[in-house]
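Here are a few friendly notes to read alongside the model. Please keep the viewer open as you go through the points.

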Number of protein chains: 2
Amino acid sequence: MTAARSAVVAEEIVRARAYLLRAAEPPAPATRKLADLLGPVGAAQAVRRGDVAEDVAAETSARCGADRVDADLAAAAACGARLLVPEDPDWPQWPFACFALTDRKDLAPPLALWVRGPGPLADLTDRAVAMVGARAATGYGTHTAAELAAGLAAAEQTVVSGAAIGIDGAAHRGALAAGGPTIAVLACGLDRAYPTSHAGLIERIARQGLVVSEYPPGAVPARHRFLVRNRLIAALSAGTVVVEAALRSGAQRTASDARELGTVLMAVPGPVTSAASAGCHELIRQGALLVTRAEEITEATGRLGVELAQEPVREGRDTDALDEVQARVHDALPPRAARDIAWLAVEAGLGPDVVRSALNELERRGLAEFHEGRWQRSGKGRRQAQERSARRR
Amino acid sequence: MTAARSAVVAEEIVRARAYLLRAAEPPAPATRKLADLLGPVGAAQAVRRGDVAEDVAAETSARCGADRVDADLAAAAACGARLLVPEDPDWPQWPFACFALTDRKDLAPPLALWVRGPGPLADLTDRAVAMVGARAATGYGTHTAAELAAGLAAAEQTVVSGAAIGIDGAAHRGALAAGGPTIAVLACGLDRAYPTSHAGLIERIARQGLVVSEYPPGAVPARHRFLVRNRLIAALSAGTVVVEAALRSGAQRTASDARELGTVLMAVPGPVTSAASAGCHELIRQGALLVTRAEEITEATGRLGVELAQEPVREGRDTDALDEVQARVHDALPPRAARDIAWLAVEAGLGPDVVRSALNELERRGLAEFHEGRWQRSGKGRRQAQERSARRR
């Protein structure tokens, strides 16, 4: 019933986890702990019998009677999905190690994950960045998300997001357009496409990357499931980039999860006049890293020292290389007249010997010319002075 | 010759400093030190005689012969300016204490300042913020600078800038429009208006605030003088806000001066697609504080604890106050149907007793209604669910 990739895992383990995943609404920290303690098969038996401690009973008593394992596995297979369990080599063991960093009960690791698509999850999350943000995104926000995601894909990073409209969708699309894999983590069963307007996008992600959910087939996207889902987006990635977020938003919840899980939190700035960027600015003020380019993201999340961002290219001028004295003498040269050294010394406020030596250097650089006992700017120097003057005015 | 305010200072001191200020092109750290050591009168005599150490001679030898004190004081008086000296109670002693924090020779305090306008400099700089930025500003940048400056003026902060076109001019105008004082620090003599297109603006600043320069009347705005001038803008303020700056820009020089002088460095973000904001983003990445509102600026520069920024107002929903269990039960209530507790318990994945208690709380808050053995959302809850659903799609 499960796909070939999971064939290494005993069927009873897959069935036990499928049962537990439906019996306990995520996050289910007590049930997860029980599975760690007794193993999934023993834990499933104990839950079925109701022979569990109070905390596990609180998570499982409402649904432990319904055994829908066969139906769930069949429905998953029907839409090309399989259940990925922690016992599988494809399980993202390393990214999920971040769950050990927090005591917050709502940040428990999942019991298993329903997955759909060709991507081996462990490989895809070896170099992954989460990109999240406002549903009510602006054109600026979606443009920026798509550009950054394309840049990340080009740098062989997997873009992880939530398939929502707005920033999420733009991030997935940007990654796909650059030929990169991308992971969508849904808050409903994989047999549903939510939001419905993104059915085509989710289909493409399932072909080129991976669609992931904790929720069994048929589960509806209830509000709290979006919040619970957000922890998986953060945990599957080395860092989370927030591209546009209002002051109160689900993206900020993902950001707080990312911070709590010890991954790198980043935010993209925007106009201070845009409410859609206000949450990003608040995050940066609270310590999130401001990022503007994909290289800055990979520098923060990539392997240390390997992926340092290139310094942005700065336009240079010939006069930039001058030291302070040379610059003062160059400034003292009038744009359209020649002067002797005594005049230039007073104008620059420097001794004549200092001025003479600076003028020789300026001549060598083609910035000053000597004619009949007087110095003047060279043609090149004159043009630059005019440009500067035009900029100042 | 000097204005009434400086009458407390002996005329020979004012004359000695006027002489030194022209003899030594700023910054003149050695000459400034000599004046501290011998007093301005003794230092002026020594410089006139050429009886000085090599470092002072390097700063003064070219111009020490020209005595233009009478002409300078007359020219200043003719344009309504006076020479403010460190011996005057109006001297910004406290702001300039920041110069002691650095060993950088180019960050020497001024020997004196030419000032024009009604503002007592020490009072005006008691609560002052520098606002600087690109000449080639965008409409977004000038709008934001003017808004922030008006907000600062309303908070009784003096806005200090350089009277350049672009961000500087917008900052001065915003402060003036809000009825606040503002200080323009020029890189030329006060008898000149530079840039010429800002002659009217500089005139208004001289009426409502203060125009300041280290340079004697007649001095032209040479390139290096802009850089040297920038240190005064930073030093006269408790903090410097950069609003739009390209990657290489004079504003970044002011920022580096502000950092070196130990004042608060702030920058305003903008679109990552705008080259005019790239310098601001780089500054924030290097540790400058991101600011979006005047309150955030005064919080960073104002007296500790007195001027904390108000938390931005967040739009609230009734369901925000629910705890996690209540929110899950509320989510489980279908938008347009009534269900019994057993159904809701399975849907929410919670025990029936927990669900019952949550429903009672939801009813108390007007979010759920009980009819004939079944629960449903109240009208208010239904409306909010529809709004959320519309936002998600």
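**Notes on rings, charges and symmetry**

1. Let's begin with a charge over a ring: Arg135(A) sits over the face of Phe226(A), 5.1 Å from the ring centre. Please keep in mind that this is a predicted model.

2. A second arginine is worth a look. Arg339(A) lies over the face of Trp343(A), and here the distance to the ring centre is 4.6 Å.

3. Now to rings that meet rings. Over all chains, the count comes to eight aromatic pairs. In one of them, the ring centres of Phe370(A) and Trp375(A) are 4.9 Å apart with the planes at 45 degrees; planes under 30 degrees apart would count as stacked and over 60 as edge-to-face, so this pair is tilted.

4. Are the two partners buried or exposed? Trp375(A) has a relative accessible area of 4%, which is under 20%, so this residue is buried. Phe370(A), at 43% relative accessibility, counts as partly exposed.

5. Chain B has a tilted pair too: Phe370(B) and Trp375(B), at 4.9 Å centre to centre and 45 degrees between the planes. Trp375(B) is buried at 4% relative accessibility, while Phe370(B) is partly exposed at 43%.

6. Do also find the cluster in chain A, where ring pairs link Trp91(A), Phe96(A) and Phe99(A).

7. Finally, how do the chains relate? A turn of 180 degrees with a shift of 0.0 Å along the axis lays chain A on chain B with an RMSD of 0.1 Å. That is the relation of a two-fold axis. Gly270(A) is the residue of chain A that comes closest to the rotation axis, its C-alpha being at 2.3 Å.

8. The interface fits in here as well: 100% of the interface residues of chain A are also interface residues in chain B, so the copies meet through the same surface.

Notes:
Residues numbered from 1 in each chain as written. Chains lettered and ligands numbered in written order. Predicted model: local features only at pLDDT ≥ 70, side-chain atom pairs only at ≥ 80, totals over all residues. Heavy atoms only, no water. Least-squares fit on C-alpha atoms with pLDDT ≥ 70 in both. Contact = heavy atoms within 4.5 Å. Phe/Tyr/Trp six-rings, centres within 6.5 Å; stacked < 30°, edge-to-face > 60°. Buried < 20%, exposed > 50% of the residue type's maximum accessible area, 1.4 Å probe, protein only. Lys NZ or Arg CZ within 6 Å of the ring centre and 35° of its normal.
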